[in-house]
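Hello,

I am passing on the structure we talked about, and my notes follow below it. Please have a look at it first, then read on at your own pace.

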Amino acid sequence: MNPPPSVSEAMLGAVPSLRAFAISLSGNVDRADDLVQETLLRAWANLNSFEPGTNMSAWLFTILRNLFRSEYRKRRREVADSEGTYAETLKTQPEQTSRVEFEEFRTALAKLPADQREALILVGASGFSYEEAAGICGCAVGTIKSRVNRARTRLAELMSIESVDDFGPDRELKAVLSGSGGS
Amino acid sequence: MNDNNKPSGPKGLMAEMMQGSAPHKQRKTSLNRETQVKIGKQLEITYNEVVSQGVPDRFVELIRRLEGGGVVDVPDDKGS
């Protein structure tokens, strides 16, 4: 029995944000795309457990997150590359902000504990409500709220620390370079 | 007759302490707010960067094959 076309369209429609979420979880585009594929296959095979009229996107996010979590536990050892590969994904330089600011943000985001990053992405970027995010992560609404708050605080700390760091050595270096007088 | 000093002493100290800490706190808060706006913006940019890539062909093909009832090779679980 095939699902109505609207179901497959809804699944395809969710793909771009599923990818964005998967990349933020895994830090790697190829793995993220594999995760999305696996998610779609699982979803298709379990369409009877989807309740029509409920949020398809949230359902798919839940499947993806669970897949990632079980895979993550298996592969814990080789999960260290979230920085470089994320940079690869985002080759296009965003116009509206400075490069430094963007780099700073990405680095800080990668340093967050996984559950905080996940909560922040779901609520702050994917546009889910706290309730939906709690459903996706299988935890209490209050837990999501505190994870988001801690994520924001930590990011703010990391970003201001990093900009201070940026200034210190950089300024010194510049002073050395310019102060020493052309060779 | 140092009565005058009694209230004004501690009060002055209190005021000084509060003045001393209040602007500090305020500065910290507004810095945070600025950073929070920055974080929100960066989060959006980072996320939308991927979203704007749309749906890669492989997923369109995957769904079409599933719709057609075709067998889909799952790269997983095959051992290899």
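A word on a term you will need straight away: pLDDT is the predictor's confidence in each residue, on a scale from 0 to 100. Please keep it in mind, as this is a predicted model.

Let me begin with chain B. Its pLDDT averages 67, and 46% of its residues score at least 70. Over residues 1–27 of chain B the pLDDT stays under 50, and the model has 0 contacts for this stretch beyond four places in sequence. Residues 76–80 of chain B also stay under 50, with 1 contact beyond four places in sequence. Where pLDDT is low, the predicted coordinates should not be read in detail. As for its make-up, chain B has 2 helices and 0 strands, and 12% of its 80 residues count as buried.

Next, how the chains meet. For the complex, the predictor gives an ipTM of 0.72 and a pTM of 0.70. In the model, 33 residues of chain A are in contact with 28 residues of chain B. On the chain A side, the elements that give two or more residues are α1 (5–26), α2 (29–45), α5 (99–111), α6 (114–124) and α8 (141–179). The largest share of that side, 9 residues, comes from α1(A). Sorted by character, the residues on the side of chain A that touches chain B are 19 nonpolar, 9 polar and 5 charged.

Chain A also has an internal contact to look at. The chain is divided into domain 1, covering 1–78 + 87–91, and domain 2, covering 94–177. Where these two touch, 11 residues come from domain 1 of chain A and 11 residues from domain 2 of chain A. On the domain 1 side, α1 and α3 of chain A are the elements that give two or more residues. The residues of that side divide into 5 nonpolar, 5 polar and 1 charged.

Finally, one residue to find in the viewer: A:Asn66, in helix α3 (residues 56–75) of chain A. Is A:Asn66 buried or exposed? The answer is in between: A:Asn66 counts as partly exposed because 15 other C-beta atoms lie within 10 Å, while a buried residue would need 20 or more and an exposed one 12 or fewer. From A:Asn66 you can also look across to A:Thr39, which is 27 residues apart from it in sequence and 9.4 Å apart in space, C-alpha to C-alpha.

Enjoy exploring, and do write back with any questions.

Best wishes

Technical notes: Residues are numbered from 1 along each chain as its sequence is written. Chains are lettered from A and ligands numbered from 1 in the order in which they are written. This is a predicted model: local features need pLDDT of at least 70, side-chain atom pairs count only at pLDDT 80 or more; totals for chains, interfaces and linings use all residues. Two residues are in contact if their C-beta atoms, placed from the backbone, lie within 7 Å. Helices (H or I, at least four residues) and strands (E, at least two) are DSSP runs, numbered from the N terminus. Ala, Val, Leu, Ile, Met, Phe, Trp, Tyr, Cys and Pro count as nonpolar, Asp, Glu, Lys and Arg as charged, and the others, Gly among them, as polar. Domain bounds come from an automatic or database domain assignment.
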